[in-house]
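These are my notebook entries on a structure I went through today. I kept to a few topics and wrote down what I looked up under each.

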Amino acid sequence: MSISPVRLAISLDFLDAFSKLPKQIQHKTHKLIDNFQKNPQHRGLNYESIRHARDPYLKSLRVDQTYRAIVRQPEQGHTYILLWIDHHDLAYNWAQNRLCKINPESGAVQIIDLELAKSTETEINQRYTPDIPRRFQNISNRNFLRLGVPEEFLEAVRSVVTDEDIDQLLPQLPEEAADAIVMLGAGYALEKVLEEHQKKQTEYIDTSNLETALNRDDSKRRFYVVENESDLLAMLTEPLEKWRVFLHPSQRRLVEKDWKGPVRVLGGAGTGKTVVAMHRAKWLAQHRFNQPEDLIFLTTFSKNLAIDIEMNLRKICSPEIQKRIHVENIDSWVSNFLKKEGITNKIAYDDQVKALWQKVYRQAPSSLSLSLSFYQDEWKKVIQAHNILTLKDYLAISRVGRGTSLQRTQRVAVWSVFAQYRALLQEEGFKEFDDALREAYHLLQGKSLPFRSIIVDEAQDMSEGVFRLLLAMVGNSKNNLFIVGDPHQRIYSHQVVLSRCGIEIRGRSRKLRINYRTTQQIGQWARSILQDINFDDLDGRSDNLTDYHSLLSGEEPLIQGFSSQTKEIKFLQQKIKQISNHVPLESICLVLRTNYLIEIYQQALEKYNILTYKIRPNEADYQSLPGLRITTMHRVKGLQFEYIFLPCLNQDILPLEKALKSAPDLTTRENLLNLERSLLYVAATRAKQLVTISYYGKPSPFLYL
């Protein structure tokens, strides 16, 4: 009798369980899967039904005397799904209370924990009081099913009244359903939610056809179809982290689409913005711009982040694809471009022009009584931001929002300082970055670059000059710009309105709302730091964090105060040693406000024989190197760790007292305070399991807002 070829899919849950098995059992499992693909009816596989299973299509496979794998048998065809692997009794317990089925309206394959569905419904109902209406009482079951809610969770969803109910429900739902419930809970109209999730059209669903169901976007986050032996080998031998960067449905809809023009994607910390950016670059290089001469430019604000992105691209791209994705921070690209064009001026930053500012300040009109920081801030926020090249332009420009008012005669006097500063820049052969941007922009006119599309990560930290340049580099075309960012993570002072740069995003603005990294407890605490700050959406409108939710739950952030630094450091070493008993030191990071503080805490911890590894600017976090990670709040951006420690959050450290003292007026001071709050938000949301905050003496005012 001939054996029909088996098509095999593997769930992410199976890969997760497989990664925790002893190496010997992993080898046996690989052999089992290989034999099963050749002949699922082979007697030696012990392909058996499971007693008391609620799903008759779940079967067990014998790995050895101790371990069993759980597989979902097809109702028709020859597509099987590997769902779970564990010790014999634990595997059977897992299977007895689960269903693996196709949602009758969304068409996605879903795994449902029946006990969890029932207990969630019961707990939500126990909090219900009849005087408060149910949150979703006007939405039909069919629409919930279309949005991905499993039938078994319909009653739990219908029971929702409060945000607490939603927080409890979200981790139990498939990701596509969780994203939809977040939007509905935040007050979005049903039609808007259906449209954003591309569920407006109804279609016939064959609930017995696994092959078709596995090809749907909503299934692809949870299941990987094995196309050949090399696919299987990769899945079972590659680090699990490689498979965790696969896309969930709301991300896939952004990545695998032809856009008619620029796209802007906003997303809070942990929502996978950078993952989306990387996958967008990969998809374009594979499916749209796939000629040898076609390049995708993936750029970000800092060299640190560019290094991290390039390392992570290796996890998802073949060498051939990665070769056509050019990753470089924008400052570096501009500098290299100008060199190729014969421009020899060196791009100078704050530290390099400090002496020039001090020189011109000594000659500034004393009658104005303006501080050095005022001139520097006025130069940056007015002169450079608006490309002011003449006194006439300076006299005409509006300074609304600046904290220090200037009469016309005062502007004339101030301009003399700026003119002298620009002359000194020329004498030294320097260009500020804003000037370099403008020169690069003009040199690009009439030139053709090999970039077919540009992906922008951390867009909130880039200036309008950068975006004008990027548009000039790629032109107005289909799939030209893909811009991702989060204004709440703005840690530099740039602010952009994309439409003023010629970048029109109307109809192409999207948002990622589900946090896959940080627990709800960490997220809530971090968001509280930013309360009462108005944030923009990169295009002149406002943005907020009210519709962000995490699918993870954990411990509340720990805040601990001490009477001295010595006692704080003693506490830190005890906590770090305690945690390192069950996780590697490399998954713990100590994050400090300044490099000076890093030196103090690094030396103190090493006296307790705690090996440390400093993540330096412009260097990657090399995971092969051992030690507790220690770095600054600025450098930790873009990274993630199981445990984050934020020590020395004292009153004079956050906000940084030195920076506040230099503020020339109340408006600038307020802006600096907001940047410092965003910096703390960024640092705290790097933690996956727990963030521990400590201080000695008086605490930072941000800890008790």
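How many aromatic pairs does a search of the whole structure find? I noted first that this is a predicted model, and the search then gave me 22 aromatic pairs.

**Entry 1, aromatic rings.** I began with Phe 14 and Phe 18, whose rings are stacked, with 6.3 Å from centre to centre and 15° between the planes. Both residues sit in helix H1 (residues 12–19), where being four residues apart separates them by about one helical turn. I looked up their accessibility as well: Phe 14 is buried at a relative accessible area of 0%, and Phe 18 also counts as buried, at 4%.

I then turned to Trp 415 and Phe 418, where the ring centres are 6.4 Å apart and the planes stand at 90°, so I entered the pair as edge-to-face. This pair belongs to helix H22 (residues 408–428), and its members, three residues apart, are again separated by about one helical turn. Are Trp 415 and Phe 418 buried or exposed? Both are buried. Following the ring pairs outward, I found that Trp 415 and Phe 418 belong to a cluster that also takes in Trp 357, Tyr 361, Phe 374, Tyr 375, Trp 379, Tyr 394 and Tyr 421.

**Entry 2, helix H4.** I checked the length of H4 (residues 114–126) and found that its 13 residues reach 19 Å from the first C-alpha to the last, close to the 18 Å expected at 1.5 Å a residue. Which residues of H4 are buried? I listed Leu 114, Ala 117, Thr 120, Glu 121 and Ile 124. They cover an arc of only 135° around the axis, which means that they lie on the same side of H4. On the face turned away from that buried side I found the exposed residues Glu 115, Lys 118 and Gln 126.

What covers the buried residues of H4 includes two strands, E6 (98–102) and E7 (109–113), together with helices H6 (154–158) and H7 (163–169). At the N-terminal end of H4 I noted a cap by Asp 113, which has a side-chain oxygen 3.2 Å from the backbone nitrogen of Glu 115.

**Entry 3, salt bridges.** My count for the structure is 45 salt bridges, and I looked at several of them one by one. In the bridge between Asp 163 and Arg 135, the closest N and O atoms are 2.9 Å apart. This pair links distant parts of the chain, since Asp 163 is in helix H7 and Arg 135 in the loop between H4 and helix H5 (141–146), 28 residues apart. Asp 163 is partly exposed, at 46% relative accessible area, and Arg 135 is likewise partly exposed, at 30%.

For Arg 452 and Asp 294 I recorded 3.2 Å between the closest N and O atoms. Arg 452 lies in strand E14 (residues 451–456) and Asp 294 in the loop between helix H15 (273–287) and strand E10 (295–299), so the bridge ties together parts that are 158 residues apart in sequence. Here Arg 452 counts as partly exposed, at 31%, whereas Asp 294 is buried, at 8%.

Lys 381 and Asp 377 meet at 3.3 Å, N to O, and they are four residues apart within helix H20 (residues 372–384). Finally, I noted a network of salt bridges that links Glu 196, Lys 511, Arg 513, Asp 543 and Asp 547.

Notes:
Residues are numbered from 1 along each chain as its sequence is written. This is a predicted model: local features need pLDDT of at least 70, side-chain atom pairs count only at pLDDT 80 or more; totals for chains, interfaces and linings use all residues. Side-chain values use heavy atoms; hydrogens and water are left out. The expected span of a helix is 1.5 Å times one less than its number of residues. Buried means under 20% relative accessible area, exposed over 50%, partly exposed in between (1.4 Å probe, protein chains only). The arc is that of the directions from the helix axis to the C-beta atoms. Contact means heavy atoms within 4.5 Å. A polar contact is a pair of N or O atoms within 3.5 Å; within protein, one must be able to donate a hydrogen and the other to accept it, and residues adjacent in sequence count only if both atoms are side-chain atoms. A salt bridge is a side-chain nitrogen of Lys or Arg within 4 Å of a carboxyl oxygen of Asp or Glu. Rings of Phe, Tyr and Trp (its six-membered ring) pair if their centres lie within 6.5 Å; planes under 30 degrees apart count as stacked, over 60 as edge-to-face and the rest as tilted.
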